Amino acid sequence: PPDRPGGKFTLPGKRPGQMICFVECRRVRVADAVIENAPYWTLFLHGCETVTIRGVRISNPFATLNGDGIDVDSCRDVAISDCIIRSGDDSITLRANPAPLKSRGRVCENITVANCVLSTPCNAIRVGVGDGAIRHAVFSNCVISDTRNGICLIGNYSGMSHKGADIEDVRFSNFSMRTVMPFFLFTGTPASARIRDIAFSGIRATGSKSSVVRGIPGCRVSDIRFTDIDLELAGGAGMIGADADLARMYWEWDRGRPCALQVACADRVTLDRVSLRWGACDGPWRHALLAEAVGGLALRNCDLPPPPGAAAADAVRESPQPPLIAKQ
């Protein structure tokens, strides 16, 4: 039984690695498979080309440490569809770590993910990690439930990478999400890799923690678009940091900030037809949108009411200075 704080299994001295692993393979097809109780990542593809994953059902206990569903690293021309994944860690991940491959210049590109049902105590979808590049990816028609973070993009996850992952031209559309944190987009720190041209559209999401779009000074995110987004927030007790934490640089696992959406160190951010609704809130919410050091913030046909009990003037707050204190 799970015996660690947070309900995770204790790791043994040794355990198997990825349950199914394809490395530098071509014309890979995984279809109509049921994969259960993986001890680590379940299905890992590294440096592969022309991949089809269809109708796969993955079921790992939520208590499984690193119990990812499908990890696609430095692969090209990949189609994932019609999968149902319940994972102990990230359900579907696009990664950028070509260093162990024979061809270290490989890019993770030309990826489609469609018609999937995902649930996890971590990230349903993670894009990022490594020192390579991820580009030209489309995620559509997905249902996410019983999940901590819905969509997570991060360049430098651990702080150990040289520059982080370049992430460009990624689209998310037609999602239904029931999460704690709906969106998290962050360059990481330290970072010099770019995150740009990211679009979210046609998404209905619920949560209890602030969403984040942020770069760092010297490595800003750019060209981020939210279109036709319906967001409902409720609760918040225990999920929001105190006022003294406003200068912190928040990570995906930290307590959030007292706003529905925080945008910082970013250029050309557009919110078009974004509607926010507040449910029964028991946290110290203060703002609908908190913008800090943003160049080119456009709001079009948005409905962003202040949290219950906050002044109407606090619905949208803009600050010229970004938070500068990183997590130690």
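**View 1. Asp-197 in strand 14, a residue with positive phi.** Asp-197 lies in strand 14, and its phi is near 60°, a positive value in a residue other than glycine. Strands here are DSSP runs of E with at least two residues, and helices are runs of H or I with at least four, both numbered from the N terminus. With a relative accessibility of 21%, Asp-197 counts as partly exposed (buried means under 20% relative accessible area, exposed over 50%, and partly exposed in between, using a 1.4 Å probe and protein chains only). This is a predicted model, in which local features need pLDDT of at least 70 and side-chain atom pairs count only at pLDDT 80 or more, while totals for chains, interfaces and linings use all residues. Residues are numbered from 1 along each chain as its sequence is written, and side-chain values use heavy atoms, with hydrogens and water left out.

**View 2. Arg-273 in strand 17, also with a positive phi.** Take a look at the backbone of strand 17, where Arg-273 is placed. Phi of Arg-273 is near 60°, a positive value in a residue other than glycine. Arg-273 is partly exposed, because its relative accessibility is 41%.

**View 3. The cis peptide bond before Pro-190.** The bond runs from Thr-189 to Pro-190, and its omega is near -5°. Pro-190 sits in the loop between strand 13 (166–188) and strand 14 (195–207).

**View 4. Strand 8 and its parallel partners, strand 5 and strand 11.** Strand 5 (residues 49–54) pairs with strand 8 (residues 76–81) in the parallel sense over five bridges. Two strands count as paired if DSSP finds at least two bridges between them. Thr-52 has Ala-79 of strand 8 as its bridge partner. Strand 8 also runs parallel to strand 11, and five bridges join these two strands. Here Arg-76 stands opposite Glu-109 in strand 11.

**View 5. His-46, a buried residue of strand 4.** Strand 4 covers residues 43–46, and His-46 belongs to it. His-46 counts as buried because its relative accessibility is 6%. Its contacts (heavy atoms within 4.5 Å), leaving aside neighbours within four places in sequence, include Phe-22, Val-23 and Glu-24, as well as Asp-73, Ser-74 and Cys-75. Asn-97, Pro-100 and Leu-101 are also in contact with His-46.

**View 6. The largest pocket.** A probe can help us picture this one. Rolling a probe the size of a water molecule over the atoms shows where empty space is left. On a 1 Å grid over the protein atoms alone, a cavity is a set of points where a 1.4 Å probe fits but cannot get out, whereas a pocket is an open set with protein on both sides within 12 Å along at least five of seven lines; lining residues have an atom within 4 Å of a point. Grid points are joined across faces, edges and corners, and a volume is the space filled by probe spheres set on the points. The volume of the largest pocket is about 450 Å³. Of its 23 lining residues, Asn-66, Asp-89, Asp-90, Arg-126 and Tyr-157 lie nearest the centre. Strand 10 (92–96), strand 11 (108–130) and strand 12 (133–156) each give at least two residues to the lining, and strand 11 has the largest share, four residues. By class, the lining has eight nonpolar, seven polar and eight charged residues (nonpolar: Ala, Val, Leu, Ile, Met, Phe, Trp, Tyr, Cys and Pro; charged: Asp, Glu, Lys and Arg; polar: the others, Gly among them).

**View 7. The largest cavity, with no charged residue in its lining.** The whole structure has one cavity of 30 Å³ or more, and about 120 Å³ of space lies in the largest cavity. Its lining has 13 residues, with Leu-231, Leu-261, Leu-271, Val-274 and Leu-304 nearest the centre. Strand 16 (221–235), strand 17 and strand 18 (287–300) each supply at least two of the lining residues, and strand 17 gives the most, five. The lining divides into 12 nonpolar residues, one polar and no charged.

**View 8. Phe-200 in the largest nonpolar core.** A nonpolar core is a set of buried Ala, Val, Leu, Ile, Met, Phe, Trp, Tyr and Cys residues joined through side-chain atoms within 4.5 Å. Among the 69 residues of the largest one, Phe-172 and Phe-200 touch the most other members. Strand 17 (residues 259–281) supplies the largest share of this core, nine residues. Apart from it lies another core of 10 residues, including Phe-186, Ala-191, Ile-216 and Cys-219. Not counting residues up to four places away in sequence, Phe-200 touches a set that includes Ile-151, Leu-153, Phe-172, Phe-183 and Arg-225.

**View 9. Val-221, a buried residue of strand 16.** Val-221 counts as buried because its relative accessible area is 0%. Beyond its neighbours within four places in sequence, Val-221 is in contact with residues including Leu-185, Ile-195, Val-213 and Cys-265. The C-alpha atoms of Val-221 and Val-269 are separated by 9.0 Å, and the two residues are 48 residues apart along the chain.
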